[in-house]
Amino acid sequence: MTASGRPLLFLDVDGPLIPFGAPPPGGYPSYPGPGTGPEGNPLVARVDPGLGRRLLALPCQLVWATTWLADADDCLSPRLGLPRLPYVDWPETDDADGADGTDGTDDADGGHRTNAQLHWKTRTLVAWAAGRPFAWVDDEITGADRRWVEAHSPAPALLHRVDPRVGLTEADFTTLDAWLRGT
């Protein structure tokens with residue numbers, strides 16, 4: 001199957017790949033390697049290089065869906081053993097209330113938006129998918145995003161929220177693999 005025939009997997013960095021928030025007892029695991037030196041981003045040491053082979057094993061086309069843009073390729077792809085990946089180039093916004101629509105309150109899915117507000121990535125990802133099935137892995141997905149995608153995406157979509165304190169887990173990979181293979 002060609003890359004264009006496979007589902008897309010939109011991958012956020014902060015949260016799914018770089019855990020943050022209240023650290024687990026003993027702190028976050030650290031993985032020395034490319035990008036973790038004195039000139040590198042200190043948070044990159046939290047990225048488990050083993051995630052790369054897990055991501056590559058998924059039956060999908062990987063796409064960076066992060067504010068890191070092309071920096072994800074420069075900083076993270078070598079660390080993870082990934083090829084250069086396409087990335088979503090986010091449109092400029094003139095939303096005076098903030099592009100993410102956050103209001104500081106928690107919704108039922110653990111995000112920081114009211115149910116009436118979408119994540120600032122949602123519309124762009126549906127447009128970028130252009131009718132292809134896709135999974136979106138992020139730590140800020142809410143019920144509002146799921147409802148909007150269900151109503152506006154012509155293809156199946158899985159919006160998979162990752163706990164930002166731990167990042168991608170075995171359970172996340174199991175869910176993603178099953179959904180992608182069933183699509």
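# Close-up views of the predicted model

**View 1. A salt bridge within helix 6.** R181 is exposed, because its relative accessible area is 54%. Its partner here, D177, counts as partly exposed, with a relative accessibility of 24%. As you look at this pair, keep in mind that the model is predicted. How far apart are the N and O atoms where the side chains of D177 and R181 meet? The salt bridge has an N to O distance of 2.9 Å. D177 and R181 are separated by about one helical turn, because they are four residues apart in helix 6. Elsewhere, D12, K121 and D138 are joined into one network by salt bridges that share partners.

**View 2. A buried salt bridge between two loops.** Side chains of opposite charge can pair when their charged atoms come close. Here K121 forms a salt bridge with D12, and the closest N and O atoms are 3.1 Å apart. The two residues come from distant parts of the chain, 109 residues apart: K121 sits in the loop between helix 3 and helix 4, and D12 in the loop between strand 1 and helix 1. Are K121 and D12 buried or exposed? Both are buried. In total, the model has six salt bridges.

**View 3. A salt bridge from helix 1 to helix 6.** The partners in this view are R54 and E170, whose side chains meet in a salt bridge of 2.8 Å, N to O. This pair also links distant parts of the chain, since R54 belongs to helix 1 and E170 to helix 6, 116 residues apart. R54 counts as partly exposed, because its relative accessibility is 25%.

**View 4. The two faces of helix 6.** Helix 6 covers residues 170-182, and its 13 residues reach 18 Å from the first C-alpha to the last, close to the 18 Å expected at 1.5 Å a residue. Which residues of helix 6 are buried? They are D172, F173, L176, W179 and L180. Seen down the axis of helix 6, these buried residues fall within an arc of 140 degrees, so they line one face of the helix. As a rule, an α-helix has 3.6 residues a turn, so residues three or four places apart point the same way. On the face of helix 6 turned away from the buried side, you will find the exposed residues A171, A178, R181 and G182. The cover over the buried residues of helix 6 includes strand 1 (8-11), helix 1 (51-57), strand 3 and strand 4.

**View 5. Parallel strands and a crossover.** Strand 3 (residues 134-138) and strand 4 (residues 157-161) run parallel and are joined by five bridges. One bridge partner pair is F134 with A157, the latter in strand 4. Between these strands the chain passes through helix 5 (residues 143-152), and this β-α-β crossover is right-handed. Strand 1 and strand 2 also run parallel, joined by four bridges. Among the pairs there, L8 has Q61 in strand 2 as its bridge partner. Follow strand 2 and you will see Q61 and V63 pointing one way and L62 and W64 the other, all of them buried.

**View 6. W136 and its surroundings.** W136 lies in strand 3. The residue counts as buried, because its relative accessibility is 0%. Leaving out residues up to four places away in sequence, W136 touches F10, H119, K121, T122, L125, I141, D145, L158, L159 and H160. W136 and L176 are 40 residues apart in sequence, yet their C-alpha atoms are 9.5 Å apart in space.

**View 7. Two loop residues with positive phi, and a buried serine.** Most residues other than glycine have a negative phi. L69 is not a glycine, yet has a positive phi of about 50 degrees. You will find L69 in the loop between strand 2 (61-64) and helix 2 (71-75), and L69 counts as partly exposed because its relative accessibility is 28%. A130, which is not a glycine either, has a positive phi near 50 degrees. A130 is in the loop between helix 4 (122-129) and strand 3, and is exposed, with a relative accessible area of 64%. Now turn to S77, placed in helix 3 (residues 77-80). S77 counts as buried because its relative accessibility is 2%. Apart from neighbours within four places in sequence, S77 is in contact with W64, A72, L82 and P83.

Key: Residues are numbered from 1 along each chain as its sequence is written. This is a predicted model: local features need pLDDT of at least 70, side-chain atom pairs count only at pLDDT 80 or more; totals for chains, interfaces and linings use all residues. Side-chain values use heavy atoms; hydrogens and water are left out. Buried means under 20% relative accessible area, exposed over 50%, partly exposed in between (1.4 Å probe, protein chains only). Contact means heavy atoms within 4.5 Å. Two strands pair if DSSP finds at least two bridges between them. A crossover is right-handed if, with the strands pointing away from the viewer, the path from the first strand over the helix to the second runs clockwise. The expected span of a helix is 1.5 Å times one less than its number of residues. The arc is that of the directions from the helix axis to the C-beta atoms. A salt bridge is a side-chain nitrogen of Lys or Arg within 4 Å of a carboxyl oxygen of Asp or Glu.
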